[in-house]
Structure formats: structure tokens, C-alpha cells
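Please open the structure in your viewer and keep the selection tool at hand. This tour goes from one selection to the next and says what can be found at each stop.

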Amino acid sequence: MKSFISTVVDDILIKHTNYTNLTFVLPSQRACVFLKEELLNKIPSSSFFPKIESIENYIQELADIHLIDNTQLLFEFYSIYKNHLPKKNIESFEIFSQWATIALHDFNEIDNYLVNTEDFFSNLKDIKKLETWFQDKKPSQLALNYLEFFEYLNILYTQLYTSLKNNKFGYQGLIYREATENLEYYINNSTESKIVFIGFNALNKAEEYIIQELLNNGLASIYWDANESFFNKSNEAGVFLRKYKNNWAYYKNNPFLWSETLLPPVQKIHIVGAPKNNTQIKYVGELLSGFENFNETALVLADENLLSLSLNSLPNNVQNINITMGYPLKDIPLASLFDKLFKMHLNQQKFNKETQQQFYYKDVLSLLNDSFLNKLFNNQLQPIILKIKKENSIFLTVQEIKKHCNVNEVEQLDVLFSLFNFSTNINVIIKQCIFLIDALKQFVEGVEKEYLFRFYNVFQQLATLNAKYNHIGDLKTLTLFYNQLLKNEKLSFQGEPLHGLQLMGMLETRALDFETVIITSVNEGILPGGKNDFSFIPFDVKKYFGLPTYQEKDAIFSYHFQRLLQRAKTVYLIYNTETDGYGSGEKSRFLTQLEIKNPAISKTVISPKLQQNKNTLLEIEKTAAVTETLKQVFTNGISPSALATYIYNPIQFYEQRVLKIKEVDEVEETIAANTMGTVIHDVLEHMYKPHINKFITKSAIVEMQKSIDTLLYKFFEKHYLKGNIETGKNKLIFEVSKKYIQNFLKAELNEINNNKQLKIIALEKKLETILTVEGVDFPIKLKGTVDRIDELDGVIRIIDYKTGKVEGKQLKLSDFEMMLGDYKYTKAMQVMLYSYMFSVTSSNNLNEFQSGIISFKNLKEGFLKMNFSEEFRGKDFQVSPERIEAFMTVIDQLILEILNPTIPFKQNENLPF
């Protein structure tokens, strides 16, 4: 089937022998390109080409006013705002910009639809007065401010309009209103040229007025892309076309071009549901991979935010592609460099660290890890990052960072260190950013140079605007406008405008036809757009003054959707099957309407292929080198915690003990659990050390209680380098540590008050012993540090402190074989190994003693003892030589397994954590 543009060109060439004096006006630049191609194919090559332009350019010529940039418009608006409002009402540029964009949007619509502004603003003010919160006799100050805001809107609109008009600049609505004012002069002075409007649908009032006047004066003709289905009253897609046909005086004596019956091609329509955006786009990639020719194929993104995802999902057979949307600058990797830089300085202000010239470590590390800076400094930054992490400073000065570099590096990194010294002058900051871009350009290539050029333009634009208006007074406002520019500015693509795949948004499809159409995100809230109104104007006021509401916008989307499908042979309509958290975003009603009209439509719901990868557990064979390393490990000394690691996960044991892989140092902003445990251990050791080989008295405990705060500060300062424990989570952790020690000392005091005799024998006692294992040809050293050995009423106790929660059932063990297969018994294993080492190294001839854990999270249970009873609630706490012997038999088995070269290190598939 012939395309709409092709049909229009044929009709025009029949009616006009002299087509060089024609001016073609179309809805978009892309439609202009397709019309040019059609004319090239149908008029002699020796002919002069007619003028072809978009509606926006045509109206600008008619108004003789240039379109102003959105950011410059905001700056201009703020100047008007400052000059015409009382000083007491003036807000900062940052606050102003948050509502000004909405006001400008409303001004634009008011002018586009030629609304009488005097009546409009008077009406709007009265409506606000009638709203419920003005019904009180004495409205609040907030209510009065709200009303005053709408009174000032009229002043701001009038002054902005006058200022822009005098400077020959304007936003779109102003240009359209001025074009209507100039129309009479244009008509009276027009030459023999004739205007041809092609492919329009929803016109604003200004466009309606201009086109009708030109039609009525015989200066124009217009071609609508319509068929008889649009004139059915039940079809919302034809709302505007029906209005024009019925209401325009021109059509009382002239035919409506066109409303002919179009025989639809033999269509194949596929409605495809896919979960999430990613699956939609991946499915599109699979579809396109099966195509051989893309010259009549359009991929339409109803949600233009999916452009990045779409470009990354295109198959290799798509050689030529034309993209008109542009790639948002905010999605370009270079954007994050300046985001990090601004965030670092803004957080410095947020944390009140400007006077100390300190920066938050996360912001510093984020900046130093940036890929562009690492290219600039040839990976000199990574050693600095490692040193910062090891230093454990939450806030850093430039001088502290420089200390991590040698003298030569400080000079080489001069550009980097200049980024930490931002001027208070915003123009200087902008120049610093431009200087950084200039420094980067010789270290990048390809598309990254284009990135730098576009960001160079962004900062130059900011510099120009601030030089003229001087509205950007601080870094926060600069960041705001930097981000706004990134949202508006796009990186343009160069491609084949008429060949290959056409990738476009919904509005770009106006007046164009394709044989194969793929539309994504056909969901409510996207296609059609939904009821989201970016406006201060109430719905009823909009209806009264003829301004567009969501109802008209739905009709526009409906028209574009139906028009695009009417000449296509193959159509794929893809929607997201997953609604959002509030249940909205379901399948578009446009799809339901299609299904009702054509029950034979193909309907499919797809889902990603789930590849069942067999989870093969990691196995490490024990080579001769590994066996030799293991021998060294066991000869040098193996600790109870190392054996517990093996039971938890043999691979982790291999990494830590054989490969000697250490955890990467990280800045400890919040006190870690192990740091807290170390501090509590050290505090208790310091408290009890003067009482070794002495019985503990009440007075001793009381003295210990007095020293808790002092000792906690001392040992947190030692183990939590440069950390702040005065605020936030760390303050809470400090208080929890304090509470643990208080509760522990209280429990000790209760024991003494109950006339029990408590004697400290040893603290942080280092134990070592040589173990001979049958089948191992070298001596094995067992080593460990037991937290406390004491004697309570004549019973010796081996005590291990745990700041985490331990329960009695974890120490109840009648069968030592259970230790080898269950990690929860590793605490019992550690305690029993301490018991063994103590028994063989003690000078006393010990027959029985007790061993166990004091859990600070479970202090109400007191001393949790090893329990060997086989009965459900039985108690048997004595550690005897026989039990130690039985236990060590199992330890021998464990050691033999670790050293056995035929048994590989095998990943534990049931890790408890």
C-alpha cells in the first residue's frame, strides 16, 4: 500500500504544474526528510525544489521571533521575578526554579491556545479564593501566601511576555501568539506562494486560527491523514478531525482531504506480553535478528527512557539505523565524574567541614575511582585508595591525601588536588570544570572525545548564562542547573535518515508509514500517557478556557497509534505484563480495543528462558605444593578458629590458610562487630589484670564499674582508628558495649554477694601444645588464646567471651562426631580445644574442670558450660580426661582429612551464613 506522503505528492503534482512556489509544512523534521525523498523520486532533477519545513520553523518565520533555550528562559524569568515582586517575597534561585518550570509550562499553554490572559488570571485567582481553605473568616498566613502567589502569576506572565517580545525571543506559546498577530500583515503581503499543510491532527488554537485564515484566503491547502473509521463518534482518535470537518467554514464549500475508505492491507498483528522492560527490549532484539531488510521497519519506543537499553540490545545484522531522539547526556559515563565532584563539595557543606577543609571519605573514594580520572593519571590513584582505606579516616583533608603520595606524584597529580579546592566564585568553579575537560581530551579517543565536547558546551553555556544574569550564587544552584541541562541536552546520532531501521518516539511517527512496526511499552500511563498533569491550573478552568486536559492528550495518543497501524503489514505490539507496586501500568486499553475489533489477533505472553545451570561445587585438588603449604601451616601452629573455618567451608580455609588471601581493607565508618568484640575483650582484660591470682572483692568490682567509660574510650581510640563515637550508630554501639560490660560486672557482683569465691587465674592466656597424630609424619602445633581462666568455689573454668549470641544448646554435645558435619557445634569444638591445651600444659594435675562461653548477648544465662549429658534436659558439665581423649580422637580425624592429599577442598553447599 502507498504511503500517505506518496499519495499526497501524487495529488499535488496533478493539481500544481508549478510546484516551485509551494511551501510544504509538516509536523516534524523527520517527516520533512521523507517528503524530500518522495519529491526527489517524482520530479525532474532539473527542477527547482519547493520549500519544506516543520510547523515550528514556519511559525517562527511568521512571528519573526527566535525560540529561546529552556535554561535561558528560566534565567530570564528569575530576573523578571526579582524586579517585579516585593523583596520580602523573593526566594532563592534554587527554590524558585522548582515551581517556575511549572508556571512556564502553563504560560506556554495559555499562549498556544490564545487564552484571554486578563480573564484567565482573574478567574484563576477567584477559584483559589473559593477553595475550602479560604472559607474561614481569618485564613492562615499560609493560605494568604498561596492566594498571593496566584495574584503574582499574572504580573510575572505579563512582564516576561513583554521582555521576551522586545528582545525578539520567546517560548513556543509566545511565538505562536505573535504569529497570529502578524498573520493579517502576512496575508496582505503574500506573493503567489502557496502553503501545503500535511499530516496534522491535534492543532492548538493558534495553529487552528492560522491555518483557517490561510485556507479562507486561498493561500493554503491541507491534507489530513484520515480514513472513515476516525469519523465514527465512538472513536476517540478522531475527536479533532471530526471537530475540524464539522466546524471549519472552509469545509462548507471544499472537500476534506482525506476521509476516504482505506482498504487495510492484509495485516499480521501480534500482541506480546513480556515481564519488565528488559525482557521487552531483549525480545525486540530477537525479532530484529530474524529480519533481512530494515528499510520499511520502525521500532517505536513509547517510553523513550528505553533508548539506552534498546541500543545495547540491537542484533549485529542491524547495519544502518536512524535515531532522532538523541542520547541523554545524563546517561553518558562522563556525567558521573562531575556528579561525584559536586557531591563531594556539597557533602562537605552538609557535614559542616568547610572550615576544617575535610571531605567525606566515601565521596573521595568515589571520585578517585572514576574511570576518566584513572585514565588521566594512569592508575596512580589506586595505591592512594588502598592507603586511605587502611588509614580508616572518615573525613580527609587534601594534605592527608597528599601524604599517601611521594613528592613526584604530588606534582603530577596537581590537577587532581585542584579539584578539592573549589572557589567561592561560581564562575571560577565552572572554569575549573572546563579545565578538567581540557586536561582529559588527550587521554581519550573515539566517542569519548564527543562526550567531552558536549560537556564542554554544557559548562560554556552555564558560564555564559551566569555572566549575563549572575543568578547562580552557590554550588547547590550550579549542581541544580547542571543536572537540568543534562536532562534537556542530548547527544545527537548521525545515521542514514532513509535507510535501515528507524528508531523513534511516538510523536516522531507523525505522517510516516512503515510496512513493519514494532511498538514497545504499550501500557496504561505510557500509551496513553495517563492523568499526570504538570500544571497549576485546575481541570475545570482548563475545560472552560479550552486548554488541553488528559482527555485531549489521550485522544492524541489514540490517533497516533491507529494512524501508524493503518498501512502496516506486520505489527508487533509489546507491553509490560508487570504492573507497578500500586497496580497501575496494566496493558493499554488500545490493545483491548484492537482485540475486540479483531479476535483473530495473535496474543502471546513470553518470559525469559531460564537456563538451569548445574550448580557444580568448587573443588580444589591438593597438589604437592598445596600439601607442602598445609604442612607448614600445621607445623607453625593451627588455631581452633582455623579448624572451625574448615568445618564452615573448606574452600574458605584454603583461601585463608593456603593462599593467604586477606580481606581487603575498608574504611570502617560504622564500628564493626569484631572491633566491638576486641574492645570489650581489652577492657575486661585491663580491669581484671591487677587481680590475677587474687580473689575478686566487691570493692574491686565497684572500682571496675567506675572505669568503664574511660577504658572504652581508650580502647575504641586504639582499635577504631580516627573514628567518631560521639554521634549516630557508633554512639549506639558505644552505649551497647558499655551496657554489656555493666551487665557482666553486675553478674560478677551477684556471684560474690552470694558468698561465692571467685579467683582469676589467667587472662588472654596463650596456649600451645604439640600434637602427634597417627598417620602424620610431622608434629602438629595447636595454639590459641583463651580469654579467661578462673576458679569459682574451687572449680576451675575455661571461659571464652563472645559478644554475639550463643545458646546453651550449641554447647550440648554427647557425640563428638557431630562436630564434623555441623557448624553450630564449632563453638563447642573451640572450647574443648582450649580445654585440651590447658590440661596438657597445666602444672596442676587436673582431673575435672569446666569450660564454656560467656555470651554478652545472652548474659541472663550466665556462664554457658559444656554439657555432655545424653538426656533431654540432663546436665553433665565436668570436663574429664576421658572426654578430652574422646574429643581429640575426632580432632585427629579432622586433621587427617585436611592433610589427606586424596581428599580435595570441596565447597560447602549448605553454608549457614
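## First stop: helix α1

Select α1 and colour its buried residues, which are F4, I5, S6, V8, V9, D11 and I12. The model on your screen is a predicted one. The helix takes in residues 4-15, and its 12 residues reach 17 Å from the first C-alpha to the last, close to the 16 Å expected at 1.5 Å a residue. If you now show β1 (22-26), α2 (29-42), β5 (194-198) and β6 (220-223), you will see the elements that the buried residues of α1 pack against.

## Second stop: the cavity beside α5 and α6

Next, select α5 (93-112) and α6 (117-130), the elements that give two or more residues to the lining of the largest cavity. Of these, α5 gives the most, with four residues. The structure holds one cavity of 30 Å³ or more, and the space in the largest cavity is about 40 Å³. To see its whole lining, select A103, D106, F107, I110, F120, F121, L124, L153, F536 and I537. How many of these lining residues are nonpolar, polar or charged? Nine are nonpolar, none is polar and one is charged.

## Third stop: helix α21

Move on to α21, residues 447-469, and set a distance between its end C-alpha atoms, which are 33 Å apart; this agrees with expectation, because 23 residues at 1.5 Å a residue should span 33 Å. Its buried residues are E448, Y451, L452, R454, F455, V458, F459, L462, L465, N466 and Y469. Among the elements that cover them are α4 (70-84), α13 (333-350), α20 (426-440) and α22 (475-488). Just after the helix comes N470, whose phi is positive, near 55 degrees.

## Fourth stop: the nonpolar cores

In soluble globular proteins, nonpolar side chains tend to be buried together. Here the largest nonpolar core has 197 residues, and F197, F338 and Y688 are those with the most contacts inside it. A second, separate core has 59 residues, including M819, L846, M866 and I884. Centre the view on Y688 and leave aside its neighbours within four places in sequence: its contacts are then I696, I701, M704, F744, L745, E748, I760, L763 and R788.

## Fifth stop: T675 and the second largest pocket

Now select T675, which is found in helix α29. Is T675 buried or exposed? T675 counts as buried because its relative accessible area is 8%, which is under the 20% limit. Beyond its neighbours within four places in sequence, T675 is in contact with E668, H719 and Y720.

The helix α29 (673-688) also supplies at least two residues of the lining of the second largest pocket, as do α27 (640-648), α32 (728-753), β20 (780-792) and α33 (826-841), among others. About 1,400 Å³ of space lies in this pocket. Its lining has 42 residues, and S641, N674, T678, K802 and Q830 lie nearest its centre. By class, the lining has 14 nonpolar, 15 polar and 13 charged residues.

## Last stop: I526

Finally, select I526, in the loop between β15 (516-520) and α23 (539-545). I526 is partly exposed, with a relative accessible area of 27%. Not counting residues up to four places away in sequence, I526 touches A302, D303, S521 and F557. To end, add H686 to the selection: its C-alpha atom and that of I526 are separated by 67 Å, and the two residues are 160 residues apart along the chain.

Methods: Residues numbered from 1 in each chain as written. Predicted model: local features only at pLDDT ≥ 70, side-chain atom pairs only at ≥ 80, totals over all residues. Heavy atoms only, no water. 1 Å grid on protein atoms, 1.4 Å probe; cavity = no way out; pocket = protein on both sides within 12 Å on 5 of 7 lines; lining within 4 Å. Points joined across faces, edges and corners; volume = space filled by probe spheres on them. Nonpolar A, V, L, I, M, F, W, Y, C, P; charged D, E, K, R; others polar. Expected span 1.5 Å × (residues − 1). Buried < 20%, exposed > 50% of the residue type's maximum accessible area, 1.4 Å probe, protein only. Contact = heavy atoms within 4.5 Å. Core = buried A, V, L, I, M, F, W, Y, C linked by side-chain atoms within 4.5 Å.
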